[in-house]
Amino acid sequence: MTSRVMAEFDLLLPYSVSEAVTLLASHGDKAAVLAGGTDLLVALKFDYAVENIISLAQVPGLDKLTYDPEGGLTIGARVTLVDILKSADVKEHYPALWQAAKVFATPQLRNTATVLGNILRASPAGDCSLALYALGGTLTLESASGRREVDLDDFWLSYGVTARKNDELAIALQVPAPQAGQKSAFRRMTRVTEDLSKLNAAVCLQMDGDKCLSARVAMGCVGPTLVRLPKVEKILRQAGITPDLLQEISDTVASEIAPIDDIRSSADYRLKVAGVLVKRVIMLALNGGNDQ
Amino acid sequence: MEDLKVVGKRVERVDVRAKVTGGALYAADVQLAGMLYGKIVRCYDHAHARVTSLDLSEAAKCKGVIKVLGPKDVTQKEYNASVLDMMVSADMRGVLGDIDDQSIFTDHVKHYGDAIAAVIATSEEAAERAAEKIRVTYEELPVYMTAEAAKHPDALQFRPEKPGNLAFQLPEMAFPDNAYAWGDVEDSFAGADIIVEDSFYVPKQKQCQMEPGTYIALYDDQKRLNCWTSTQMPKLVQKKLANLFELPMTRVRINITVIGGGFGARLGMVLEPETCALAMAVPGRPVKLLSTREEDWVTSPSRHPGKYWMKMGFKKDGTPVACDARFENYKGAYYVDASGTAFTTGAWLGGMYKFDSLRYRGESYYTNQSICGAFRGYGNPQTNFVMEQMVDRGCAELGVDPIEWRRKWHKTIGDDGWCIGVPYNSCALDECLDRASAAIGWTEKRAKYKNQTGTVRRGIGVAVMNHTSGAMPMLLEHTVCDVLMHQDATVTINLACSDMGQGSHTTLRQVAAETLGFPYEDVHMSVGDTDAAGFDIGAHASRTLYVGGGAVKQACEDVRRQLFDRAALELEEDVGNLYMEDKIIHVKGSSNKSISVQTIADQGVNNFMNPETGELIGQPGQIQGYASFFPPHNAPPFGATIAEVEVDMETGEVRVIELVNAHDVGRAIHPGVVEGQLDGGAQQGLGMVLTEETYYDDKGICLNNNFTDYKMFGPSDMPKMTNILVENPDPTGPFGAKGVGEAGIVPPVGATANAIFNAIGIQILEAPITPEKILKALAEKEKGLS
């Protein structure tokens with residue numbers, strides 16, 4: 001039950017990454033990190049209590065979104081959804097991410113919610129996190145004892161649980177530079193326009209003419225974490241993308257997912273339409289973002 | 001058409017500046033000296049249980065706590081939060097079976113969120129912290145979430161005086177055979193060539209008004225109970241509270257705060273009894289109670305959900321011969337509005353088409369759902385979902401065009417209205433249908449969408465409705481208005497009608513200005529203080545403009561008459577020879593003989609003696625107009641909506657492409673206000689038919705009493721929409737106006753369902769029509785064919 005009163009906490013305001021990780025070293029198991037706050041504040045008004053909140057508001061450098069044709073895209077911890085939408089580079093080179101940001105939550109939330117926050121939330125219904133899963137990426141985690149990199153493929157362990165340790169601060173996400181012929185797209189289904197996804201899918205394909213050289217296909221709302229669809233990826237790599245192949249893909253999807261009944265939809269419905277959604281997101285990627 | 005100067009104009013709304021700048025004072029914004037805060041402890045673990053122990057001791061020790069109250073610490077009087085008992089005669093009250101079955105706090109939990117106890121503390125935070133320390137243990141009882149479960153012979157009885165948990169059925173005394181009926185349906189069905197019949201489900205839709213319930217109460221040093229509330233019904237709530245706390249009306253004062261939306265959620269009492277009970281426990285200190293959204297959701301009423309069965313019979317030539325229907329609603333835990341909606345749901349059905357015979361039965365069963373009550377349309381959207389789909393099924397079997405059939409068979413002037421024995425006195429539904437049909441291109445699209453085969457299929461559907469302006473003769477329709485003329489010739493209108501955001505204070509002010517012949521700027525609306533205002537039954541039943549406007553008009557005519565009487569004396573002319581222009585009363589045909597309203601008003605107040613003559617200057621006495629108004633009719637609004645949709649055959653998703661709403665509004669006093677009502681109504685109608693439902697688990701725990709999981713249509717979901725205002729003045733409405741507050745929500749419900757039927761060839765019998773249901777129905781159809 002939501003409360004109008006939040007549990008008491010100490011607000012800690014580090015002025016550098018090193019101060020932030022020092023605070024995490026001493027309070028890590030009793031601290032939450034605040035960037036956009038769109039998940040944290042909801043939790044605090046519900047039943048979540050934590051002794052310390054470490055705000056990144058004063059930490060410089062974390063709000064950088066940079067693109068380099070060689071090195072790819074770097075998304076800092078405080079980069080918001082609106083930053084993503086304003087980036088012509090993201091729109092051009094990572095359409096899946098741009099499309100996910102476009103429909104993410106509501107205008108007010110997009111102003112403050114961060115991309116990394118969406119990844120750290122480890123929701124099986126995340127939109128931006130799903131697009132990035134398909135695009136691939138590496139998360140930089142820093143603690144008092146140093147830095148480490150974690151591949152997104154290894155980051156989500158179970159519902160709401162990630163590979164981040166309590167004393168680690170997520171600094172940035174590195175998304176590889178697009179390969180030649182790379183096409184990506186994101187697509188979701190909701191009850192109304194402004195809503196959490198009830199089913200979402202994202203793909204990143206490396207195309208050579210009609211032939212798909214490599215594929216990453218990811219789905220949300222079909223298990224405790226976001227999932228990749230290895231069988232579908234394999235089928236994509238086999239042959240040119242034809243209507244028959246798309247049908248085969250559509251028929252295969254259900255065997256790779258394990259959705260449940262919840263308030264947003266039913267397991268039965270998700271199993272029935274997941275293949276349709278994957279087929280359509282592939283078409284969307286191939287059409288360069290134009291829905292046909 | 002007469003020459004109107006203020007009526008029909010898009011004047012600036014009286015509330016708009018305060019609302020868009022954040023200056024409007026909602027109850028939550030009101031701060032009083034020495035304010036205390038209440039927090040109610042509710043049962044969120046069970047939907048049906050007995051309290052086996054209640055320990056308040058730890059809470060009482062908490063910092064900042066002033067008092068902790070259990071069920072025995074407040075009035076033991078039971079009450080009924082609804083106000084229907086005050087709008088019908090004492091005899092009818094008995095017939096309608098109204099009972100007082102609610103208490104401030106309970107030891108018998110009947111729904112998720114029932115109130116157990118409360119804390120009063122010096123801050124909201126302290127109250128909430130202390131409330132967490134209240135320990136309650138429960139004995140779980142079986143839950144009954146549907147009428148079917150509640151009427152089972154082994155089910156526990158909610159109230160001994162309501163056997164079988166049947167809270168209400170149409171009473172035999174007023175409705176023979178417990179039915180709202182004419183003719184003999186069995187006989188008529190025997191002569192039918194085509195019979196269609198099915199059982200539907202209509203959802204538990206929530207009003208989702210923006211402002212969650214917030215209340216302040218103060219039992220002051222004059223032993224007066226003051227309550228600040230955004231109620232839709234100040235005068236009836238004043239009387240209800242007077243009854244509950246056994247006080248004379250002079251010792252109960254309601255202060256209306258700015259209302260952040262009503263839609264029926266603020267009909268009657270909501271948390272006024274609890275807040276006042278807390279205030280009575282701490283005399284001299286104001287107590288504020290702020291609901292969370294989740295709390296508001298389960299303590300204020302919803303639309304009545306339930307099973308709705310209907311059967312219709314037609315002759316081959318389309319003649320509607322019989323309609324038989326039964327609405328079994330899942331009433332909820334308490335009696336509130338058990339009778340009203342159960343009746344009106346059938347009244348709207350009876351008011352629509354010229355069936356030879358009709359029989360409607362309405363039954364309300366106690367269940368462990370949160371209470372149902374008034375919600376925009378009051379049974380009409382439910383009937384529209386069912387009736388209009390059945391008509392379209394009939395039309396499909398008859399092979400006739402749904403608009404042509406409706407045009408031919410809808411009731412009109414002279415036919416019995418929604419109330420048998422009260423004929424319709426105006427009806428412009430044909431024009432509504434014609435203009436809507438032309439605006440959307442009905443004929444072409446209907447032809448074009450036959451025999452589609454693609455993945456995405458389009459459909460177009462129509463629905464019509466009848467409604468009411470006030471509920472005469474079912475309810476006591478009465479509003480008192482007085483008009484005070486100041487010495488500078490401006491006026492203050494004093495009445496109790498609430499403006500819940502629909503714009504009624506603006507339109508009432510227009511009616512006043514037009515009637516007086518004064519500029520809009522010279523009129524001020526004084527509203528919201530029950531100490532000052534006379535009787536009124538509140539803002540509901542699309543009545544405020546029709547009945548409140550009637551009262552304003554009559555009171556302003558009284559002022560005008562007094563002005564003319566005095567002018568006649570001063571000018572030594574017959575009243576019949578006078579006319580007013582720009583607030584100056586002239587003598588016809590005599591250009592230099594006149595007196596200004598300003599002079600009359602000033603002399604009435606400042607009635608000085610002429611020192612030379614010793615005579616009084618002008619006519620003495622401040623002018624006041626008065627009306628205690630009972631409307632002669634219920635000026636029926638009619639309306640038609642045509643909806644165009646697109647259905648994705650692979651996912652079952654529905655996209656509404658366009659809506660055209662054409663409404664017989666009598667006269668649009670303020671076209672922008674009317675359009676606002678139709679827009680908002682359509683938005684809620686689309687939500688009801690496509691997305692909105694309250695879900696419970698098998699233990700009766702509500703799963704979506706919040707905006708994360710209860711999905712309404714938002715602005716980004718709305719289709720292209722056109723509102724056509726058909727102005728055909730009603731003979732009884734102020735300047736011909738009819739009520740439009742509820743009409744807008746009704747026909748989009750049936751029209752959208754029918755558009756889906758047109759697109760996919762299947763009728764979905766349960767609202768909301770979700771993609772999940774559509775896909776399932778498509779799969780079943782395919783299975784049936786293979």
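## Working through the A–B interface and its neighbours

There are 6 salt bridges between chain A and chain B. Keep in mind that this is a predicted model.

**Exercise 1. Take a look at the contact between the two chains: what does chain A bring to it, and which helix of chain A gives the most?**

Step 1. Start with a single ion pair: Lys279(A) and Glu650(B) join their side chains in a salt bridge, at 3.2 Å from N to O. A pair like this counts because its nitrogen and carboxyl oxygen lie within 4 Å.

Step 2. Add the polar contacts: 10 residue pairs make them between chain A and chain B, both partners at pLDDT 80 or more. On chain A's side, the top contributor is helix 11 (residues 267-286), with 6 residues. That side splits into 11 nonpolar, 6 polar and 10 charged residues.

Step 3. Now zoom out to the whole contact. Here 27 residues of chain A touch 29 residues of chain B. The two chains bury about 2,300 Å² between them, with 54% of it on carbon and sulfur atoms. In chain A, the residues losing the most area to chain B are Met1(A), Arg4(A) and Ile263(A), which together make up 27% of what that side buries.

**Exercise 2. Trace the open sheet in chain A: in what order do its 5 strands run?**

Step 1. Read off the order, which is 4-5-10-6-7, with antiparallel pairing. At the edges sit strand 4 (65-68) and strand 7 (146-151), each pairing on one side only. From one strand to the next, the twist averages 20 degrees.

Step 2. Pick one pairing. Strand 5 (residues 72-76) of chain A is tied to strand 10 (residues 169-175) of chain A by 4 bridges. Within strand 10 of chain A, Leu173(A) is the residue facing Ile75(A).

Step 3. Place the helix. Helix 1 (residues 17-27) of chain A lies across strand 6 (138-143) and strand 10, at about 125 degrees to strand 10.

**Exercise 3. Check the backbone of chain B: where do the cis bond into Pro473(B) and the positive phi of Lys223(B) sit?**

Step 1. Take the cis bonds. Met472(B) to Pro473(B) is cis, with omega near 5 degrees, and Pro473(B) belongs to the loop between strand 17 (456-466) and strand 18 (479-485). Ala767(B) to Pro768(B) is cis too, with omega near 0 degrees; look for Pro768(B) in the loop between helix 19 (746-760) and helix 20 (771-785).

Step 2. Turn to phi. Lys223(B), not a glycine, has a positive phi near 60 degrees, and its loop runs between strand 10 (214-219) and strand 11 (225-229) of chain B.

Conventions. Residues are numbered from 1 along each chain as its sequence is written. Chains are lettered from A and ligands numbered from 1 in the order in which they are written. This is a predicted model: local features need pLDDT of at least 70, side-chain atom pairs count only at pLDDT 80 or more; totals for chains, interfaces and linings use all residues. Side-chain values use heavy atoms; hydrogens and water are left out. Two strands pair if DSSP finds at least two bridges between them. Axes are lines fitted to C-alpha atoms, for helices over the stretch in contact, and angles run from 0 to 180 degrees between N-to-C directions. Contact means heavy atoms within 4.5 Å. Buried area is the accessible area (1.4 Å probe) that two parts lose on being put together, summed over both. A polar contact is a pair of N or O atoms within 3.5 Å; within protein, one must be able to donate a hydrogen and the other to accept it, and residues adjacent in sequence count only if both atoms are side-chain atoms. Ala, Val, Leu, Ile, Met, Phe, Trp, Tyr, Cys and Pro count as nonpolar, Asp, Glu, Lys and Arg as charged, and the others, Gly among them, as polar.
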